[in-house]
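Thanks for asking me to look over this one with you. Below are some notes, point by point, to read with the model open.

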Amino acid sequence: MPKFAAKDLEEYAIAVFQAAGSSPHEARIVAQHLIDANLAGHDSHGVLRIPQYLNAVKAGRVNVNARPKIISETASTASVDGQDGFGQVTANECMALGIAKAKAAGISAVTFCNAYHSGRIASYTKLAAAEGFISIVVVNAGGGGQSVAPFGGLGRRLATNPLSIAAPSGNGFPIVLDIATSVAPEGKIRDHFQQRKPVPSGWIIDGKGKPTTNAADFYEASGALLPLGGSAGYKGFGLGFMIDILAGALSGAGCCRLDAPEPQDGLFIIVIDIERFIPLERFASHVEQLVEHVKSSPTAPGFDRVFVPGEVEFEEEKKRRRDGIMVDGRTWDEIKEAAASVDCFHRPLERGAEPEASLQKVV
């Protein structure tokens, strides 16, 4: 499998999106988001998505260089229309707006609708944590993307409806929770399918409701993801259901329904100014104490450490920045094919390759 330096792979993705019509600014936002996901170890939301995104552009489902539009606004709230643009662009602007409003009002809430896939939502809550704020972000697919069976059911009725919460800490990295309300996000099923690897037991069922580890049963046999929680899956289902209301009904994007549309993200953001409640230093000391207390737990059999939310991704990013990002061969072939379809022949330098195999011009 080829391996690339993060910067080389990012510049490659930028070139691809520019070739598809994005401005340099838009291309950089989308590309950086995908690379951030790869660096964190969440390859399901990384450059694997390039063919999907280019197909959406060519099909007219993404309006390149769209400018998000504020529909309504108060001192502490805003409702935004993404104008069918890339979700990463709209989400970045909405988070910046939420942070600005929280600075002024103490707490803010922002929604958006009509935007394409917004990707790994931890990227947005981390932006707030870096500014000394707590942030909560939930997202649905506007009634589309139904891939999750309800607890006790067999048919696809909900999207994976993820949730991210992030807070600053004094431990060198923010505390970041980022979870799907299904056992796994659809992208991880796709990643296993691309690599022809079995998915872990308990993730999916086939079209008849039987447990399966064959990713093809999800894509080719009307299978479904299961809600988070296993035998207590009513918890993940209930959480996903409420997120559909918050991100779908409140934003105007829409909730899951019988006449499912093409996925268009609805997103709900809350940003909290910690200093309005407690000095940031005291807050950080409480978080540090919590981290130390949790990590002092004796480890269970098969574990050598206890990690807190966001720590695994923080360490994986350091490793991948040093060693490079691996892309499986099948995925890389599909990315190159998609890039060629928009006449992009820019190529990143593969780790270990000769210098003459390096960057080429975008044609």
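1. A word on terms to begin with: helices here are DSSP runs of H or I with at least four residues, strands are runs of E with at least two, and both are numbered from the N terminus. Please keep in mind that this is a predicted model. With those terms, Gly60, just after α3, takes a positive phi of about 80°.

2. Now the overall picture. The chain contains 11 helices and 12 strands. Its radius of gyration is 20 Å, close to the 21 Å that the globule rule gives for 363 residues, so the chain is as compact as a globular protein of that length. Along the principal axes, the C-alpha atoms fill a box of roughly 55 × 50 × 45 Å.

3. Inside and outside: buried residues account for 50% of the 363 residues. The surface that the chain exposes comes to about 16,600 Å², and carbon and sulfur atoms supply 56% of that area. As for charge, the mean positions of the 36 positive and 41 negative charges are 2 Å apart.

4. How far along the sequence do contacts reach? Taking contacts between residues at least 6 apart in sequence, 67% join residues at least 24 apart. A good example to look up is the pair Phe133 and Asp273: they are 140 residues apart along the chain, yet 5.1 Å separates their C-alpha atoms.

5. Staying with that pair, Phe133 is in strand β5 (residues 133–140), and Asp273 is in strand β11 (residues 265–273). Are they buried or exposed? Phe133 has 3% relative accessibility and therefore counts as buried; Asp273 has a relative accessible area of 10% and is buried too.

6. Their surroundings are worth a click. Not counting residues up to four places away in sequence, Phe133 touches a list that includes Ile99, Ala128, Pro168, Val271 and Asp273. With sequence neighbours within four places left aside, Asp273 is in contact with Ala102, Lys103, Gly106 and Phe133. A polar atom of the Asp273 side chain also lies 3.1 Å from the backbone nitrogen of Glu275.

7. Next, have a look at helix α3 (residues 50–58), which is mostly covered, with seven of its nine residues buried. Which residues of α3 are buried? They are Ile50, Pro51, Gln52, Tyr53, Leu54, Ala56 and Val57. The cover over them includes α1, α2, α4 (87–105), α6 (186–194) and α11 (329–341).

8. Ser22 sits in the loop between α1 (6–19) and α2 (24–39). Its relative accessibility is 6%, so Ser22 counts as buried. Its side chain makes a polar contact of 2.5 Å with the side chain of Glu26. Apart from neighbours within four places in sequence, Ser22 is in contact with Phe17, Ala27, Val64, Asn65 and Phe86.

9. Finally, two backbone angles to check by eye. Asn65, one of the contacts of Ser22, has a positive phi of about 65° although it is not a glycine. Asn65 lies in the loop between α3 and β2 (69–73) and is partly exposed, at a relative accessible area of 35%. Gln83, in strand β3 (residues 77–85), is not a glycine either and has a positive phi of about 55°. With 32% relative accessibility, Gln83 counts as partly exposed.

Terms used:
Residues are numbered from 1 along each chain as its sequence is written. This is a predicted model: local features need pLDDT of at least 70, side-chain atom pairs count only at pLDDT 80 or more; totals for chains, interfaces and linings use all residues. Side-chain values use heavy atoms; hydrogens and water are left out. The radius of gyration is taken over C-alpha atoms; the globule rule is 2.2 Å times the number of residues to the power 0.38. Buried means under 20% relative accessible area, exposed over 50%, partly exposed in between (1.4 Å probe, protein chains only). Contact means heavy atoms within 4.5 Å. Accessible areas come from the Shrake-Rupley method with a 1.4 Å probe; for residues, only the protein chains shown count as cover. Lys and Arg count as positive and Asp and Glu as negative; His and the chain ends are not counted. The place of a charge is taken as NZ of Lys, CZ of Arg, CG of Asp or CD of Glu. A polar contact is a pair of N or O atoms within 3.5 Å; within protein, one must be able to donate a hydrogen and the other to accept it, and residues adjacent in sequence count only if both atoms are side-chain atoms.
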